[in-house]
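Please open the model in a viewer and keep the selection tool at hand. The stops below are arranged so that each selection leads on to the next.

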Amino acid sequence: METITCNGTGDSSTIFYLMGIPSLPKSLFLPIFFVFLLLYLLILMGNALVLVAVVAEPSLHRPMYFLLINLSTLDILVTTTTVPKMLSLFLLGDRFLSFPACFLQMYLFHSFSCSEAFILVVMAYDRYVAICLPLHYPVLMTPQTSAVLAASAWLTALFLPIPAVVQTSQMAFDSTVHIYNCFCDHLAVVQASCSDTTPQTFMGFCIAMVVSFLPLLLVLFSYAHILTSVLRINSQEGRSKAFSTCGSHLLVVGTYYSSIAIAYVAYRADLPLDFHIMGNVVYAILTPVLNPLIYTLRNKDIKAAITNISCPQEPKNARKP
């Protein structure tokens with residue numbers, strides 16, 4: 001990475017230059033573009049299909065699927081903040097971002113990522129109530145309660161990144177800032193600053209702890225209680241049925257935290273810079289790609305709703321010609 005020199009503080013005249021994947025040959029830009037385009041289209045179509053299936057099927061108008069709508073919406077939003085610029089970079093060589101555009105991208109990406117972590121916690125709580133307190137489920141998880149929990153997750157995530165983004169925007173930058181990433185990630189922008197990066201790096205670490213490990217602990221706490229309750233069920237069929245209601249959510253949680261682990265290991269390990277960048281790209285794309293696949297392949301209700309939409313059945317009482 002090149003030595004950073006500074007001629008002034010960051011302002012609206014500062015231009016951010018995305019380095020992308022520095023050692024990637026230009027001959028591979030077009031293939032990488034098509035790979036990212038395919039993944040982005042899969043994300044849009046897969047999550048849109050889940051949204052339409054849940055909205056169109058009255059039997060899915062339940063708290064669990066209302067939360068799934070939130071998750072699918074976030075998958076679309078979090079990738080739309082980053083992937084279109086990546087596509088432009090690899091196809092057109094468009095590497096420049098203005099000062100406001102870079103920080104808006106940074107804020108939206110981290111805000112939507114935080115929202116996803118909090119929604120996964122709410123989904124874990126929903127499964128906990130459904131399995132451990134089934135008789136109280138209609139009272140504890142009303143549509144109003146689900147809406148309040150989801151809104152709280154969104155609002156908390158919207159406010160949480162603001163201090164880090166605002167303070168980073170006040171750091172000193174050169175007139176042209178080289179960002180060693182495919183998008184304006186917080187850590188990449190901080191490392192490109194001329195200022196002392198220690199306070200911002202520490203703040204970013206603290207926020208990461210709040211939005212990663214705290215939700216993970218809450219999810220694990222919920223599933224510890226779920227496991228205890230399921231093991232008390234005498235019949236094998238009852239246990240299988242209880243576990244089946246959690247399987248999709250567990251896979252989504254595993255995928256989400258696996259992508260975080262990949263990004264963290266890529267950053268902390270003594271690896272070439274390109275691996276750090278690819279770790280961030282995997283974190284941004286992996287979960288939104290796999291979430292709709294997990295729910296459409298493993299969830300019987302979602303599969304049935306999609307089948308009804310794609311191949312609507314004729315009503316049983318319809319008269320034959």
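**Stop 1: a pair of adjoining residues**

Select Asp126 and Arg127, whose side chains meet in a salt bridge with an N to O distance of 2.8 Å. The model is a predicted one, and the distances quoted on this tour are computed from it. Are these two residues buried or exposed? Asp126 has a relative accessibility of 1% and therefore counts as buried, the cut-off being under 20%. Arg127 is buried as well, with a relative accessible area of 8%. As a general point, side chains of opposite charge can pair when their charged atoms come close.

**Stop 2: the other salt bridge**

How many salt bridges does a search of the whole structure find? The search finds two. For the other, select Lys85 and Asp94, whose side chains meet at 3.0 Å, again taken from N to O. Colouring by accessibility separates these partners: Lys85, at 13% relative accessibility, counts as buried, whereas Asp94, at 31%, counts as partly exposed.

**Stop 3: helix H4**

Next, select residues 99-132, which form helix H4. The helix has 34 residues, and the span from its first C-alpha to its last is 50 Å. That span is close to the 50 Å expected at 1.5 Å a residue. Asp126 and Arg127, from the opening stop, fall within this residue range. H4 is mostly covered, with 26 of its 34 residues buried.

Move now to the start of H4 and display Ser98 and Ala101. A side-chain oxygen of Ser98 comes to within 3.3 Å of the backbone nitrogen of Ala101.

**Stop 4: the cavity**

Where does the tour end? Display the internal cavities: the structure holds one of 30 Å³ or more, and the largest cavity has a volume of about 60 Å³. To show its lining, select Val78, Phe109, Ser113, Glu116, Tyr256, Tyr283, Ala284, Thr287 and Pro288.

Which helices each supply at least two residues of this lining? They are H4, already visited, and helix H11, residues 273-298. The largest share, four residues, comes from H11.

Finally, colour the lining by residue class. Six of its residues are nonpolar, two are polar and one is charged. Glu116 is the charged member, while Ser113 and Thr287 are the polar ones.

Note on methods: Residues are numbered from 1 along each chain as its sequence is written. This is a predicted model: local features need pLDDT of at least 70, side-chain atom pairs count only at pLDDT 80 or more; totals for chains, interfaces and linings use all residues. Side-chain values use heavy atoms; hydrogens and water are left out. A salt bridge is a side-chain nitrogen of Lys or Arg within 4 Å of a carboxyl oxygen of Asp or Glu. Buried means under 20% relative accessible area, exposed over 50%, partly exposed in between (1.4 Å probe, protein chains only). The expected span of a helix is 1.5 Å times one less than its number of residues. A polar contact is a pair of N or O atoms within 3.5 Å; within protein, one must be able to donate a hydrogen and the other to accept it, and residues adjacent in sequence count only if both atoms are side-chain atoms. On a 1 Å grid over the protein atoms alone, a cavity is a set of points where a 1.4 Å probe fits but cannot get out, and a pocket is an open set with protein on both sides within 12 Å along at least five of seven lines; lining residues have an atom within 4 Å of a point. Grid points are joined across faces, edges and corners, and a volume is the space filled by probe spheres set on the points.
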